[in-house]
Amino acid sequence: MKTKRVNRSFAGTGVVFFIIAVFAVFMLIPFYYSVVQALKPMEEIFAFPPRFYVVNPTFDNFLSLYLVTNDTWVPFGRYVFNSLFVIVVVITVYIIIASMAAYPLAKYQFPGHKGLSKLMVWALLFTPQVTSLPTYFLMAATGILDTYWALLLPPLASTMGVYLMSNFMSQIPQSVIEAATIDGASIFRTYFSVVMPLVKPAWLTLMIFTFQSLWNGQGGSYIFSENLKLLPQFLSQIAAGGLSRSGAAAAAALVVAIPPIITYIIIQSNVLDTMAYSGIKE
């Protein structure tokens, strides 16, 4: 019996692409407006009503931002180093910790397994705003306020990575783990050589989420020394400099928005693979 192949009509395809295009435009509007604001001269920035276009584009705002960053007693490179150092260290350590914690939760049954899984999910309900005060008191008691540890340790306590990695690892066929064990691989060898390559799309996705969180997080409640502040915190201080720095603030807003976008574009294909691998079955 010949089965009839169902094809979407040309009109149906057009409607789908139209809806996607509408949502894409809405998503691009904030970034487009940031670009327009960064290219506006001072008189256009304060024009009312606000315009979604620029009449006389200029790069003076970026020049103003450059002059402001060179006029600080802490070198601009110090803020860049702080941000890169925190991002690289936290992402590397967090992926290792989250994956190592997720592996036994996903592939082994042990006493307290269900309790730990529920605790991990409950921890996701607490936003950083809720935990900021207890975190501050804990840092003050341990003496790590206004140090690099105050920037490195709090992100490592998030259970988001464990939850994501655990759900992804649970979809790996148990036969793959058993085959590695029969071949003589230890638990750690199976974890590093078998499981981690299979969940590469998951930890790349986690890398994006962690990068975005660290880049937007400024550590202002825990860091007071100027030489320990991150780049976004320094740029936000420029934005708070008053009307005279409005142009530099617009340029700074664009600069802050670009790195997460570039990061996502570079590894977006691997992020899409996460959804493709989610269908793996025994």
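I started with L116 and its company: setting aside neighbours within four places in sequence, I found L116 in contact with L105 and F110. A reminder to myself that this is a predicted model.

Next I checked the pairing with L105. L105 and L116 sit 11 residues apart along the chain, and I get 8.2 Å between their C-alpha atoms.

Where does L116 sit? I placed L116 in helix α5, which covers residues 113-123.

Is L116 buried or exposed? Neither label fits: L116 has a relative accessible area of 43%, and I note it as partly exposed because buried means under 20% and exposed over 50%.

Then I stepped back to the whole fold. I count 13 helices and 0 strands in the protein chain, so my sketch of the chain along the sequence reads α-α-α-α-α-α-α-α-α-α-α-α-α.

I also wanted to know how the chain packs. Of its contacts with a separation of 6 or more, 72% join residues 24 or more positions apart. Of the 282 residues, 33% are buried.

For the surface, I have an accessible area of about 17500 Å² for the protein chain, with 70% of it belonging to carbon and sulfur atoms.

Last stop, helix α8, residues 160-169. I find this helix mostly covered, with 7 of its 10 residues buried. Which residues of α8 are buried? My list runs G161, V162, L164, M165, S166, F168 and M169.

How values were computed:
Residues numbered from 1 in each chain as written. Predicted model: local features only at pLDDT ≥ 70, side-chain atom pairs only at ≥ 80, totals over all residues. Heavy atoms only, no water. Helix = DSSP H or I, 4+ residues; strand = E, 2+ residues; numbered from the N terminus. Buried < 20%, exposed > 50% of the residue type's maximum accessible area, 1.4 Å probe, protein only. Contact = heavy atoms within 4.5 Å. Areas by Shrake-Rupley, 256 points an atom, 1.4 Å probe, with all protein chains shown as cover.
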